[in-house]
Amino acid sequence: MTAGRRPNQRRYRVGHDPARPGWRCQACGIAWPCSAAKLQLLGRFREDRAALLAHLTLLREEATAQLARLGQPIPVAALDDRFVGWARRRG
């Protein structure tokens, strides 16, 4: 047992998932998807780029609506680049 921790106290890790409705990364606080989230998504959808793009498009639509309700409308082109554009690029 480490100092300062009780035996029944567990350490919880926060994943690089979006914190809705603000769409910031739960782990690092930057605009989601952060670099770590992008790597996780690429790994999860490694065999199906079309499914990755469809998934990201749905999340972009959800973010567009939620950010607008918060009074933080972001141009569609900017959200498209943030959510989907990086996954379209091949390098």
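Is Arg 60 buried or exposed? That was my starting point with this one, and the answer is below. Bear in mind throughout that this is a predicted model.

1. **Arg 60.** The residue is buried, with a relative accessible area of 11%. Arg 60 sits in helix H2, which covers residues 49–69. Setting aside residues up to four places away in sequence, Arg 60 touches Leu 79, Asp 80, Phe 83 and Val 84. Those four partners also appear on the H3 side of the contact between H2 and H3, which I come back to in point 4.

2. **Overall layout.** The chain has three helices and two strands, and along the sequence they come in the pattern β-β-α-α-α. Of the 91 residues in the chain, 25% are buried. As for long-range contacts, take the pairs at least 6 apart in sequence: 44% of these contacts join residues at least 24 apart.

3. **The core.** The largest nonpolar core contains 17 residues, and those with the most contacts inside it are Trp 23, Trp 32, Leu 41, Leu 52, Leu 56 and Phe 83. Helix H1 (35–44), H2 and helix H3 (76–88) are the elements that each give two or more residues to this core. Leu 52 is a good residue to click on: leaving out neighbours within four places in sequence, Leu 52 is in contact with Leu 41, Leu 42, Phe 45 and Ala 87.

4. **H2 against H3.** Here the axes are 9 Å apart and the packing angle is about 175°. An angle over 145° counts as roughly antiparallel, so that is the label for H2 and H3. On the H2 side, the contact is made by Arg 49, Leu 52, Leu 53, Leu 56, Thr 57, Leu 59, Arg 60, Ala 63, Thr 64 and Leu 67; H3 brings Leu 79, Asp 80, Phe 83, Val 84, Trp 86, Ala 87 and Arg 88. By class, the residues of this contact are eleven nonpolar, two polar and four charged. Buried Arg 60 is one of the H2 residues in that list.

5. **Ala 87.** Staying with the H2 and H3 contact, what does Ala 87 touch, not counting residues up to four places away in sequence? Its partners are Arg 49, Leu 52, Leu 53 and Leu 56. Ala 87 lies in helix H3 and counts as buried, at 1% relative accessibility. The C-alpha atoms of Ala 87 and Leu 52 are separated by 7.7 Å, although the two residues are 35 apart along the chain.

6. **H1 against H2.** The axes of these two helices come within 9 Å and cross at roughly 135°, which makes H1 oblique to H2. The residues that meet are Leu 41, Leu 42 and Arg 44 from H1 and Arg 49, Leu 52, His 55 and Leu 56 from H2. This contact has four nonpolar, one polar and two charged residues. Leu 52 and Leu 56 turn up here and again in the contact of H2 with H3.

7. **The two cysteines.** How many disulfides does the structure hold? Zero. Cys 25 is in no disulfide, and the nearest cysteine sulfur, in Cys 28, is 3.5 Å away. A disulfide needs the sulfur atoms within 2.5 Å, so the pair is too far apart for a bond at 3.5 Å. As for accessibility, Cys 25 counts as buried at 4%, whereas Cys 28 is partly exposed, with a relative accessible area of 39%.

8. **Backbone spots to check.** Most residues other than glycine have a negative phi, and most peptide bonds are trans. Against that background, Arg 20 and Pro 21 are joined by a cis peptide bond, with omega about 10°. Pro 21 is in the loop between strand E1 (18–19) and strand E2 (24–25). The bond from Trp 32 to Pro 33 is cis too, with omega near 5°, and Pro 33 lies in the loop between E2 and H1.

9. **Trp 23.** This residue is not a glycine, yet has a positive phi of about 60°. Trp 23 is placed in the loop between E1 and E2. The residue is buried, with a relative accessible area of 0%, and is among those with the most contacts inside the largest nonpolar core.

Note on methods. Residues are numbered from 1 along each chain as its sequence is written. This is a predicted model: local features need pLDDT of at least 70, side-chain atom pairs count only at pLDDT 80 or more; totals for chains, interfaces and linings use all residues. Side-chain values use heavy atoms; hydrogens and water are left out. Buried means under 20% relative accessible area, exposed over 50%, partly exposed in between (1.4 Å probe, protein chains only). Contact means heavy atoms within 4.5 Å. A nonpolar core is a set of buried Ala, Val, Leu, Ile, Met, Phe, Trp, Tyr and Cys residues joined through side-chain atoms within 4.5 Å. Axes are lines fitted to C-alpha atoms, for helices over the stretch in contact, and angles run from 0 to 180 degrees between N-to-C directions. Angles under 35 degrees count as roughly parallel, over 145 as roughly antiparallel, 65 to 115 as roughly perpendicular and the rest as oblique. Ala, Val, Leu, Ile, Met, Phe, Trp, Tyr, Cys and Pro count as nonpolar, Asp, Glu, Lys and Arg as charged, and the others, Gly among them, as polar.
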